[in-house]
Amino acid sequence: MSDRRVVITGLGVVAPNGNNIPDFLQAIQNGVSGIKHYPEYEDLKFNCQVGGFPEFEWEDLRNYISETSLYGLKGKGIAFGIKAALDAWTDAGNEIVSEQVLLDTGCVFGSSVADTDVIKNAIYRVDAHESKKLGSRVVEQIMNSGVTAYISGRLGLGNKVINNSAACATGTQSIIMGYEYIKYGMAKRMLVGSCEFVDRYVFGGFDSMRVLSRKYNDQAERASRPMSASAGGFVPGSGAGALMLEEMEYALARGAKIYGEVLGGSTNSGGQRNGGTMTAPSSEGVIRCIREAITDSGISADDIDLVCGHLTATMADKWEIQNWIQALGRSGDNFPLVNSLKSMVGHSLSAAGSIETVAAVLQLKYNFAHPNLNLEDPMPEILDAIGANNLPVTKVNTQIDVIAKANFGFGDVNACLILSKFN
Amino acid sequence: MDRKEILNELKKVLTPYTEDKAMVDGITEETDLIKDLKINSANLVDIIIDAEAQYDIEIDFDAAEKMYNVGNCIDVIAEKLNKHA
């Protein structure tokens, strides 16, 4: 074991309500929703016809990668990831162009599904006996490690370069992995995060599972309703989030600006036993994950000021709150403030954890808890357990020293991070 | 199409694959695609596919292997165009 501390020195985001940190900060402070109605989903006869998609200008990528690399790039998830990662890199005060291989610096960037539009094109061509016309750019975009390959290639990263995948826990897990590599002395800096483009085919799969919002198609901004009694499923989102993590001494030596510290974290599985299944988390696994993260951080559960939950806007929200109550040993007015960014941006699957962690770091840095949109009617079970005071519906300006951020994914996988101000 | 016309058309095919746009303007039959134009070797496949579309020809594997400088490219394209005609 070592005592190396890990600090956050850069942030990048591509979210439905903001494509850069200043816009995103303003959006989460003011409760700006990025959820819109998309006629395409009506045409496709989806039950859910709303979504959260970044207003991404493909041309913006010209400032990030070479023109030859951009020519032929079609994967949107990769594109979101490149922008978020390189923004975090430059936000940390680094230059993008480097001739050397950076041996101390690695990248853990996660994703769920490689771009199915790119895959569809390949399938059509092959089935039409035109495989000769696929060209050289398909493979790099249908491989899951495409995003890390683009990012690490652009920056010359020579340490660990890994694409992790753990469904909705992916983004939080990527941050934990990067934190651990630095903590245990394997890397000085890790560029971490995740990306997702939820295209119509992935969207369709969730729609068919009947886990998506369907009652607010004509009122898109009201559709994502975490913890609300009238919540009827989640709203699919897309985007990417990225953080630059550095070993504390390394960051201090170069005089880096520091947003906060990753105090600790844990990622585990409920093993799909004791109530855990492919699609539902085992409470025992979730509680163990949160407690492990707290232990790793060397804090007390009482130190946590804000819980940035997974809270997707399904019936599972009330069980999640119950798990937090048990894990923290706190309830009623003693429970921390709790919010869900998904009320503004929807659920961007693998990108959720990293986008939400970027939001958590901003709340830590600027001392506020962002509002929960659409929480006019909290679930009675939640209201009874933690009271209305902990469920902000407008921005709360208050000292935030410690945040617990967790995500729980299909396959009964969990990830929990503890973030704190840097002292 | 004579060799000069093919070369002019070839510039359009090569442009997206090199950062050095000025170099493309000045290409001669001796210009090497990888060494001079700094084209990624994997992209030679894309250039062949684009050339097939541009000239409405089919370039087989054996012919494609010869296409490493501008002169060779013109040889292959000219031969296929003549067969075509």
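This is a dialogue about reading a predicted model of two chains, A and B.

Biologist: Let me begin with the interface, where I would like to know how many residues of chain A are in contact with how many residues of chain B.

Modeller: In this predicted model, 10 residues of chain A are in contact with 14 residues of chain B. The two chains bury about 900 Å² between them, and 53% of that area is on carbon and sulfur atoms. On the side of chain A, A:Thr68, A:Tyr71 and A:Lys132 supply 56% of the area buried against chain B, more than any other three residues.

Biologist: How many salt bridges and how many residue pairs in polar contact are found across the interface of chain A and chain B?

Modeller: The general idea is that side chains of opposite charge can pair when their charged atoms come close. Across this interface the rule finds two salt bridges, and it also finds six residue pairs in polar contact. If the side of chain A that touches chain B is sorted by class, it has two nonpolar, four polar and four charged residues.

Biologist: Which residue of chain B forms a salt bridge with A:Lys132, and where do the two partners lie?

Modeller: The partner of A:Lys132 is B:Glu52, and the closest N and O atoms of the salt bridge are 3.4 Å apart. B:Glu52 lies in helix α3 (residues 44-55) of chain B, whereas A:Lys132 lies in the loop between α5 (116-127) and α6 of chain A, so the pair joins two chains. B:Glu52 counts as buried at 10% relative accessibility, while A:Lys132, with a relative accessible area of 42%, is partly exposed.

Biologist: How many salt bridges does the rule count over all chains, and which residue forms one with A:Glu356?

Modeller: Over all chains the count comes to 26 salt bridges. A:Glu356 forms one with A:Lys405, the closest N and O atoms being 2.9 Å apart. This pair links distant parts of the chain, with A:Glu356 in helix α14 (residues 352-366) and A:Lys405 in strand β13 (residues 402-409) of chain A, 49 residues apart. Both A:Glu356 and A:Lys405 are buried. Elsewhere, salt bridges that share partners join A:Arg222, A:Arg225, A:Glu376 and A:Asp377 into one network.

Biologist: And what of A:Arg125 and A:Glu130: are these two buried, partly exposed or exposed?

Modeller: A:Arg125 is partly exposed, with a relative accessible area of 27%, and A:Glu130 also counts as partly exposed, at 28% relative accessibility. They form a salt bridge in which the closest N and O atoms are 3.1 Å apart.

Biologist: Turning to the sheet, in what order do its strands stand, and which are the edge strands?

Modeller: As background, strands of a sheet pair through backbone hydrogen bonds, either parallel or antiparallel. Here an open sheet of 10 strands in chain A has the order β5-β4-β6-β7-β1-β8-β14-β13-β9-β10, with mixed pairing. The edge strands are β5 (161-162) and β10 (337-339) of chain A, each of which pairs on one side only.

Biologist: With which strands does β1(A) pair, and how many of its residues are buried?

Modeller: Strand β1 (residues 6-14) of chain A pairs in the antiparallel sense with β7 (residues 239-247) over eight bridges, and in the antiparallel sense with β8 (residues 260-269) over three bridges. To follow this in the structure, look for A:Val6 opposite A:Glu247 in β7(A), and for A:Val7 opposite A:Glu261 in β8(A). The strand is mostly covered, since nine of its nine residues are buried.

Biologist: How should I read a single polar residue, A:Gln141: is it buried or exposed, and what does its side chain reach?

Modeller: A:Gln141 lies in helix α6 (residues 138-142) of chain A and is buried, with a relative accessible area of 2%. Its side chain reaches the backbone oxygen of A:Gly72 at 2.9 Å and the backbone nitrogen of A:Lys74 at 2.6 Å. Beyond four places in sequence, A:Gln141 touches several residues, among them A:Leu73, A:Ile78, A:Asp115 and A:Tyr150.

Biologist: As a last case, where is A:Asp104, and which residues is it in contact with?

Modeller: A:Asp104 is in the loop between α4 (76-91) and β4 (105-110) of chain A, and at 38% relative accessibility it counts as partly exposed. Leaving aside neighbours within four places in sequence, A:Asp104 is in contact with A:Asn159, A:Ala187, A:Lys188 and A:Arg189.

Note on methods: Residues are numbered from 1 along each chain as its sequence is written. Chains are lettered from A and ligands numbered from 1 in the order in which they are written. This is a predicted model: local features need pLDDT of at least 70, side-chain atom pairs count only at pLDDT 80 or more; totals for chains, interfaces and linings use all residues. Side-chain values use heavy atoms; hydrogens and water are left out. Contact means heavy atoms within 4.5 Å. Buried area is the accessible area (1.4 Å probe) that two parts lose on being put together, summed over both. A salt bridge is a side-chain nitrogen of Lys or Arg within 4 Å of a carboxyl oxygen of Asp or Glu. A polar contact is a pair of N or O atoms within 3.5 Å; within protein, one must be able to donate a hydrogen and the other to accept it, and residues adjacent in sequence count only if both atoms are side-chain atoms. Ala, Val, Leu, Ile, Met, Phe, Trp, Tyr, Cys and Pro count as nonpolar, Asp, Glu, Lys and Arg as charged, and the others, Gly among them, as polar. Buried means under 20% relative accessible area, exposed over 50%, partly exposed in between (1.4 Å probe, protein chains only). Helices (H or I, at least four residues) and strands (E, at least two) are DSSP runs, numbered from the N terminus. Two strands pair if DSSP finds at least two bridges between them.
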